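Visitor: I'd like to learn how to read helix packing and chain contacts in a model. Can you walk me through one?

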Amino acid sequence: MSERARVLALHGGLLVLLLALHFVLPPYHHGNLARIMVLASYAAGYNIVFGYTGLLSLGHALFFAAGMYAMGLSVPHIGTGTALLAGVAAGGIGAILLGLLALRTRGVAFMIVTLMFAQAGYLTILYFGAWTRGDEGFVIARASRMLWGLDLSDAAHRYLAALALFALVLGACLWMVRAPFGRSLIAIRENEPRAAMLGYDTFRLKLAAMAASGAISGAAGAAYALLFGYAGASFASVEYSILPLLWVLLGGAGTVLGPFIGTLFMFYLIDLSSGVTSAYMLIAGIALVLLTLFAPRGLMGTVRARLWRWLP
Amino acid sequence: MSLLRVEGLSKAYDGVRAVHDVTLDVQEGEVRALIGPNGAGKTTLVGMIAGRSFPDAGRIIFDGRDITRLPAHRRTRLGMAYTFQITSIFAGLAVTENVALAARPLLPRTEVRPAVRAALARAGLQEQADMRAGDLSYGHQRLLEIAMGLVQAPRLLILDEPTQGLSEGEIAEFKALVRDLAGQTTILLIEHNMDVVMALAGRVTVLSAGEVLMTGTPAEVRADPGVQAAYLGMP
């Protein structure tokens, strides 16, 4: 098989498997997987900036929440489809604005600047509690959760919508990393001064990576609110900036499948261990330490290093 | 006509003069060597020419255009290529991808593949094309640097100590490669190895303590007592 065929078979195969699971999974896991697919889309957006471009952002909750609130606040007025697009735009524009400032710094300073702006965003949501309902959040009316005849409060429709989002994001990422744009991002990650000397406008490319990453994060945030019917300030908190980093690290930074595998792994790790003990975060922590020790490239990164060199 | 003109270029780091009032003219098609003892300011000077750092004073004119403040990536697009003194390749990527990354900003999409193949052939790296660049031998990594410069078909190719750490055989191959390019491409060669300088350069500029000591043919430079003193540290 050619490399292209292998890549298509593997990633297409995952999507077919996820579709098949829709028909066989018991309700509990069916619901979990829908949530995982939306969160994995968020992680995939994060992976563009962190995994491919090599920028460690600690502020992506800002874009996830921007998508969530842009969708949640506008949906009663402009309809579901447009509100969803507003969410994507909010994430993308937010990322461009933050990028214009934060990309002037690098390394630790970049982490701190992105973290501070995301915290400012979180506090802004709390400050405008009259509209956002702050920590308490607000429920998105069932009437607003109809999209193209799908009732997204229905479990089956919700799963399929989550799968559609995930498939779209996976396809976009797959296309991107094989296109010249994605390759130039990898060049920046590997050796930014060299990339600049070869004629790449690294600032503009990093800004474009932020925009794409923010738009996908915003889409995931908007979809999350739409599918699960709730928007709240906790999704803008620092925890939601750290989570995609952990998912991507676990799954394999700079791999297209890594974000999904990492999100799945972490979700079920916490789910299973919380059934055994109340100190479930301890188990999650130990698992993270072990993985960092023995598979520092993450699960898919290790698969690529040991088994499938062609993995995008 | 001169392709590159440097006028009164100066740069200091923390009050220490690295380059002082350097004026330099490189003609189209010429192979110009830049030599000088360690710390003479060669790397600082070419760093400013390539756009890695900006001068405190002076002007850089490339092809009639003032590029003193132009960022590095824009200079590349004007036809300037720079190969790093300390090998600076994309170690984690394949050899072909390294060269393709160099080609993409300058060539239309359909021409990238054939240009990469041609550049690899010219540098003698066809057999290593699919290897990870970081797994190449040191000599081959140096050649990959040069292939990345070649694929851009630059008007001015700046080679910063290209033969450093190469074996005798590899140096011979490198000389053949540069001779092959001479005439089509203007080359600015920063070099320690005097045999290479004497064999390749049309003219040589000698830097000492950040200033131009002299410019002349290899034979003139070799015979100059001032140059000998600068190298040997004698008055």
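Guide: Let's go through helix pairs, a buried helix face, the record's spans and the chain contact. Keep in mind that this is a predicted model.

Visitor: Fine. How do I read a pair of packed helices?

Guide: In general, you describe two packed helices by the angle between their axes and by the distance between those axes. Here, take α3 (residues 61-78) and α4 (residues 80-102) of chain A: they pack at about 145°, axes 7 Å apart. The crossing of α3(A) and α4(A) is right-handed.

Visitor: Which residues in α3(A) and α4(A) meet?

Guide: On the α3(A) side, they include Leu62(A), Phe63(A), Ala66(A), Met71(A) and Ile78(A). Among those from α4(A) are Thr80(A), Leu84(A), Gly87(A), Gly91(A) and Leu98(A). Sorted by class, this contact has 15 nonpolar, seven polar and no charged residues.

Visitor: Got a pair in chain B for me to try?

Guide: Sure, look at α3 (residues 95-103) and α5 (residues 138-150) of chain B. Their axes come within 8 Å and cross at roughly 35°. α3(B) passes α5(B) in a right-handed crossing. From α3(B), the contact uses Val95(B), Asn98(B), Val99(B) and Ala102(B), while α5(B) brings Leu144(B), Ala147(B) and Met148(B). The class count is six nonpolar, one polar and no charged residues.

Visitor: Which residues of helix α13 (residues 298-306) of chain A are buried?

Guide: Burial comes down to counting neighbours: 20 or more other C-beta atoms within 10 Å makes a residue buried. In α13(A), that holds for Gly298(A), Leu299(A), Met300(A), Gly301(A) and Arg304(A). The partners for these buried residues are α10 (239-251) and α11 (258-276) of chain A.

Visitor: What does UniProt list as "transmembrane region" in chain A?

Guide: The unreviewed entry gives residues 7-25, 45-71, 83-102, 108-128, 159-177, 207-233, 245-270 and 276-296. You can set such a span against the model's coordinates. For residues 7-25 of chain A, the end C-alpha atoms lie 26 Å apart, with 95% helix and 0% strand. For residues 245-270 of chain A, the ends are 16 Å apart, with 77% helix and 0% strand.

Visitor: Last one: how many residues of chain B are in contact with chain A?

Guide: Count each side separately: 15 residues of chain B touch 12 residues of chain A. On the chain B side, α2 (72-78) and α3 each supply at least two residues. α2(B) gives the most, with four residues. By class, that side of chain B has nine nonpolar, four polar and two charged residues.

Terms used. Residues are numbered from 1 along each chain as its sequence is written. Chains are lettered from A and ligands numbered from 1 in the order in which they are written. This is a predicted model: local features need pLDDT of at least 70, side-chain atom pairs count only at pLDDT 80 or more; totals for chains, interfaces and linings use all residues. Axes are lines fitted to C-alpha atoms, for helices over the stretch in contact, and angles run from 0 to 180 degrees between N-to-C directions. A crossing is left-handed if the near helix is turned anticlockwise from the far one by less than a right angle, and right-handed if clockwise. Two residues are in contact if their C-beta atoms, placed from the backbone, lie within 7 Å. Ala, Val, Leu, Ile, Met, Phe, Trp, Tyr, Cys and Pro count as nonpolar, Asp, Glu, Lys and Arg as charged, and the others, Gly among them, as polar. A residue is buried if 20 or more other C-beta atoms lie within 10 Å of its own, exposed if 12 or fewer, and partly exposed in between; C-beta atoms are placed from the backbone. UniProt positions are given in the numbering used here, feature names are shortened, and annotations may be inferred rather than shown by experiment.
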